[in-house]
Structures are given as C-alpha cells and as structure tokens.
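Here are some exercises to try with the model open beside you. Work through each task on your own, then compare your steps with the solution.

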Amino acid sequence: MPIPQKGSKAPDFDLPGSNDRRIALKHLKGKNVVVYFYPKDDTPGCTVEACGLRDSFKEIEKLGAVVLGVSPDSVVSHGKFISKFHLPFILLADEDKKMCKDYGVWVEKSMYGKKYMGVARTTFIIDKNGMIAQVFEKVKPEGHNSEIINSLKTLL
C-alpha cells in the first residue's frame with residue numbers, strides 16, 4: 001500500500017500494546033496521535049529515537065498528544081525495551097505487519113547488497129478527527145522529537 005498522505009483519513013488499527021491492552025485508533029478520537037514506526041527494539045537508531053521521544057514526552061503530552069511506537073516486535077520484546085530505557089509511552093506489537101502494510105512502511109530494503117523486507121522509519125501525526133496531519137518519511141532518529149513537537153504546535 002502507498003503511504004497515506006497529509007489530509008487523508010488515517011488507516012484504522014487495533015493492536016496489542018505494551019500496556020497489556022489492545023489499542024485502536026477509534027478509541028483515541030479527540031486526541032492528536034503521534035504514530036512512529038521503527039524497525040526493531042533495542043537497536044542503536046531505534047533507541048536514539050525512542051529516548052528522544054521519552055525526553056520530550058511531557059512536552060508532547062502538554063500539546064495534547066498520545067505517542068505510539070509501532071514495530072513488528074512482540075509485546076514481550078516491547079516490555080523489555082520499555083523497561084531498559086524507561087519509555088513512558090505505549091509500543092504496539094504489529095507481529096503480522098498489517099499496520100505497517102496499511103501505512104505503507106513495510107518496504108523492500110537493502111543492506112550490503114542483500115535485499116530484505118523491513119520497516120521504513122516513518123512518523124505520522126494524526127489529528128483529533130482521525131486525519132493525517134503530517135507525515136515524516138526517512139526519519140533521522142536524532143532530533144526527530146523536535147520535529148514532532150513543532151508539528152504538534154501547528155495543531156493547537
């Protein structure tokens with residue numbers, strides 16, 4: 001599937017979260033939602049990105065937003081990642097990659113000439129009405145938290 005664009009309706013989701021509950025987009029209506037897709041728990045780039053969001057979490061909350069991280073890792077893996085780095089937000093376990101595919105981030109990648117399927121580091125900001133307000137593609141982990149904050153400020 002192609003990546004949903006700014007102004008389009010966000011694809012719905014309903015996945016198990018690291019908080020032992022299922023999280024669905026329809027239950028978050030009325031809130032701005034930061035959905036960031038990342039390749040794998042406890043890897044260097046993903047840790048930098050998650051810790052940046054952790055360090056900005058209070059400011060993001062003050063802007064009225066919920067943060068959800070999404071990767072194909074299991075709930076157990078997410079729990080370990082959260083504990084190790086004291087992450088204050090929910091990570092969704094997309095083990096069947098349905099949400100990744102619905103959001104167009106399950107793509108062919110290449111490393112050292114070897115092709116494989118994986119998650120393209122991408123962030124979506126979904127507004128209170130369930131519409132895509134911003135899309136960040138090819139995210140650089142360092143400083144991404146500031147980009148998210150600046151985008152959320154435009155929704156106030």
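**Exercise 1. The start of the chain**

Not counting residues up to four places away in sequence, which residues does Pro2 touch?

Solution. Keep in mind that this is a predicted model. Begin by placing the residue: Pro2 is found in the segment before strand 1 (14–16). Next, look for its partners, leaving out residues up to four places away in sequence: Pro2 touches Asp102, Tyr103 and Gly104. Then check its accessibility: at 66%, Pro2 counts as exposed, because the cut-off for that class is over 50%. Finally, take a distance across the model: 25 Å separates the C-alpha atoms of Pro2 and Asp41, which are 39 residues apart along the chain.

**Exercise 2. The partner's side**

Describe the surroundings of Asp102, and decide whether this residue is buried or exposed.

Solution. Asp102 lies in helix 4, which covers residues 98–102. The relative accessible area of Asp102 is 18%. Buried means under 20%, so Asp102 is buried. Now turn to the side chain: that of Asp102 makes a polar contact of 2.7 Å with the side chain of Lys98. Leaving aside neighbours within four places in sequence, Asp102 is in contact with Met1, Pro2, Pro4, Pro11 and Asp12.

**Exercise 3. Aromatic pairs**

Find how many aromatic pairs the whole structure holds, and then classify two of them.

Solution. A search of the whole structure gives 8 aromatic pairs. Take Tyr36 and Phe89: their ring centres are 5.9 Å apart and their planes stand at 80 degrees, so this pair is edge-to-face. Tyr36 belongs to strand 3 (residues 32–37), while Phe89 sits in the loop between helix 3 (75–85) and strand 5 (90–93), so the pair ties together parts 53 residues apart in sequence. Both Tyr36 and Phe89 are buried.

Move on to Tyr38 and Phe81. Here the ring centres are 6.2 Å apart and the planes lie at 35 degrees, so the pair is tilted. Tyr38 is in the loop between strand 3 and helix 1 (44–55) and Phe81 is in helix 3, so this pair links parts that are 43 residues apart in sequence. Tyr38 is buried, at a relative accessible area of 0%, and Phe81 is buried too, at 2%.

As a last step, follow the ring pairs onward: they link Tyr36, Tyr38, Phe57, Phe81, Phe85 and Phe89 into a cluster.

**Exercise 4. A patch on the surface**

Which residues form a nonpolar patch on the surface?

Solution. The patch consists of Met111, Tyr112 and Tyr116, with about 400 Å² of accessible area together. Pick Tyr116 for a closer look: its place is in strand 7 (residues 114–119). With a relative accessibility of 31%, Tyr116 counts as partly exposed.

**Exercise 5. Positive phi values**

Locate His86 and Lys97, and explain why their phi values deserve a second look.

Solution. Start from the background: most residues other than glycine have a negative phi. His86 is not a glycine, yet its phi is positive, at about 55 degrees. His86 lies in the loop between helix 3 and strand 5, and is exposed, with a relative accessible area of 62%. Lys97 is another case, with a positive phi near 65 degrees. Lys97 lies in the loop between strand 5 and helix 4, and is partly exposed at 23% relative accessible area.

Notes:
Residues are numbered from 1 along each chain as its sequence is written. This is a predicted model: local features need pLDDT of at least 70, side-chain atom pairs count only at pLDDT 80 or more; totals for chains, interfaces and linings use all residues. Side-chain values use heavy atoms; hydrogens and water are left out. Rings of Phe, Tyr and Trp (its six-membered ring) pair if their centres lie within 6.5 Å; planes under 30 degrees apart count as stacked, over 60 as edge-to-face and the rest as tilted. Helices (H or I, at least four residues) and strands (E, at least two) are DSSP runs, numbered from the N terminus. Buried means under 20% relative accessible area, exposed over 50%, partly exposed in between (1.4 Å probe, protein chains only). A polar contact is a pair of N or O atoms within 3.5 Å; within protein, one must be able to donate a hydrogen and the other to accept it, and residues adjacent in sequence count only if both atoms are side-chain atoms. Contact means heavy atoms within 4.5 Å. Patches are made of residues with over 30% relative accessible area and no salt bridge: like charges are joined within 9 Å, nonpolar side chains (Val, Leu, Ile, Met, Phe, Trp, Tyr) within 5 Å. Accessible areas come from the Shrake-Rupley method with a 1.4 Å probe; for residues, only the protein chains shown count as cover. A salt bridge is a side-chain nitrogen of Lys or Arg within 4 Å of a carboxyl oxygen of Asp or Glu.
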